[in-house]
Amino acid sequence: MKTYKVDEDGFYGSFGGTYVPEILYKTVEDLKNKYEDIIESEDFLNEYYQLLRDYVGRPSPLYFAKRMSEKYGCQLYLKREDLNHTGAHKINNAIGQILLARKMGKKRIIAETGAGQHGVATATVCALMNMPCRVYMGALDVERQHVNVERMKMLGAEVFPVESGNMTLKDATNEAIRDWCCHPADTFYIIGSTVGPHPYPEMVARLQSVISQEIMFQLKEKTGRDYPDYLMACVGGGSNAAGTIYHYLDDKRVKIVLGEAGGMGMYTDKTAASLNIGTVGILHGSRIKVMQTEDGQIIEPYSISAGLDYPGTGPMHCNLFDTGRAKVLAITDKEALQSAFELTRLEGIIPALESSHALALLPKMKFQKDDVVVLTVSGRGDKDLGTYLSHKNEIDYEAI
Ligand SMILES: Cc1ncc(COP(=O)(O)O)c(C=O)c1O
């Protein structure tokens, strides 16, 4: 049977692999050789699940959205990652990686962040485990996700604003990798998404796969069967989507539909729709689809949403897109904003701007009334209130 899981060399089809500078080779090899044994050990699993339960508040609810279901003519369930401690799915992965870092004897933690959710999650687990933490963040994101910057600082992390490029997630990641190259032995780099050199994409997907593990038993309880007809999520680097689909990857009864950031429009120069318009290249240690010029220079991405503003997508999703296993639609800023207000008014849930890109897939679908749809709300919208307020006059309230 064809599988969409990773192969032994760290590839999903032709995407993935480990493309790292020589200075990091030993560190990445060491992680590759040790991580599976550690995350499958009883010791690790006990601590990981105990923290997910008592600290994060898992399982996150699977909520039947009645009014949205009526509007879209389906049975819509929302997987509420927005209700996790720290406000997004990112904490699932951060907890797993900090436990791993500790077991590998690392003394210092670094991370990159876009929307600040991964930065906050990392700063949180570093406070919990009493480890020093440095978070790299593009200077533009420092401005537009200011509340998260203050949260990270209050948690004791050092936030390092990055002034290169367009001062967003790609630039923060470049800087974090530079730091890692200078301190390969004692530093653990907690990557926040299913990107980077193997084994990161698979490791992050596995640490987020608690989402689909829960969907299985929650759906069984609520509908009598353990699989949906559709799974939907937004994609930046790909971690909440990977977690949502992980246990269903090879189950063809389940259709996968994902929303990436179309920005001002997929064919404008203000977009981050790398799966739809990108070409194959190497970025941040992995062979993926990237937005690049003909001579391989990265095209600066754009999205209203800091967490989706990245010029590539992780290798698992590149393969799902290329093989047709997942349908990936580009969602514009305007569509995402409209959907954020719609969820707020119909269900009383203010979603993160990133998650609004998943919600904006709904008007583009043609469902049957009985179709069971599970859509992951990856985070809550508190951090995006400023953006929502500045666009509130552009919303079509009559259409809600
Ligand atoms: C709430 C939220 N959802 C989604 C994303 C996108 O990341 P990923 O594709 O890894 O889930 C982010 C990234 O910052 C985020 O904060």
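Start by selecting strand β15, residues 372-377: six of its six residues are buried, so the strand is mostly covered under the 20% cut-off for relative accessible area. The model on screen is a predicted one.

Show the side chains of β15. V372, V374 and T376 point one way, while V373, L375 and V377 point the other way, and all are buried.

Next, add the strands paired with β15. Strand β4, residues 75-80, runs parallel to β15 and is joined to it by six bridges. Within this pairing, select R80, which stands opposite V377. Strand β9, residues 230-234, also runs parallel to β15, with three bridges between them. Here the pair to pick out is L231 and V374, which stand opposite each other.

Now turn to the nonpolar cores. Which residues touch the most other members of the largest core? Select L100, F188 and M316; the core they belong to has 87 residues. Helix α4, residues 90-103, gives the largest share of this core, seven residues. Colour the model by domain at this point: the core draws at least three residues from domain 1 (11-51 + 90-203) and at least three from domain 2 (57-88 + 209-399).

Centre on M316. Apart from neighbours within four places in sequence, M316 is in contact with Y12, A205, A242, I245, Y246 and L249. A second core, separate from the largest one, has 28 residues, including M232, A272, L362 and L375. L375 brings the view back to β15, where this residue points the same way as V373 and V377.

Move to A306, in the loop between β12 (286-290) and β13 (312-313). Is A306 buried or exposed? The relative accessibility of A306 is 0%, so this residue counts as buried. Show what surrounds the residue: leaving out residues up to four places away in sequence, A306 touches G114, A115, D141, R144, Q145 and E354. Then draw a distance from A306 to G236: their C-alpha atoms are separated by 9.4 Å, with the two positions 70 residues apart along the chain.

The last stop is the charged side chains. Side chains of opposite charge can pair when their charged atoms come close. The count for this model comes to 27 salt bridges.

Select helix α1, residues 22-40, and find D30 and K34. The two form a salt bridge, with their closest N and O atoms 3.1 Å apart. Because D30 and K34 are four residues apart in α1, about one helical turn separates them. D30 counts as partly exposed at 24% relative accessibility, and K34 is partly exposed with a relative accessible area of 38%.

Stay on α1 and select E36, which forms a salt bridge with R206; the closest N and O atoms are 3.1 Å apart. This pair links distant parts of the chain, since R206 lies in helix α9 (residues 200-208) and E36 in helix α1, 170 residues apart. At 36% relative accessibility, E36 counts as partly exposed.

Go on to helix α8, residues 169-182, where E175 and R178 are three residues apart and therefore separated by about one helical turn. E175 and R178 form a salt bridge, with 2.7 Å between the closest N and O atoms. R178 counts as partly exposed, at 47% relative accessibility.

Finish by selecting R58, K79, E81 and E214, which are linked in a network of salt bridges.

Methods
Residues numbered from 1 in each chain as written. Predicted model: local features only at pLDDT ≥ 70, side-chain atom pairs only at ≥ 80, totals over all residues. Heavy atoms only, no water. Helix = DSSP H or I, 4+ residues; strand = E, 2+ residues; numbered from the N terminus. Buried < 20%, exposed > 50% of the residue type's maximum accessible area, 1.4 Å probe, protein only. Contact = heavy atoms within 4.5 Å. Pairing = 2+ DSSP bridges. Salt bridge = Lys/Arg side-chain N within 4 Å of Asp/Glu carboxyl O. Core = buried A, V, L, I, M, F, W, Y, C linked by side-chain atoms within 4.5 Å. Domains from an automatic or database assignment.
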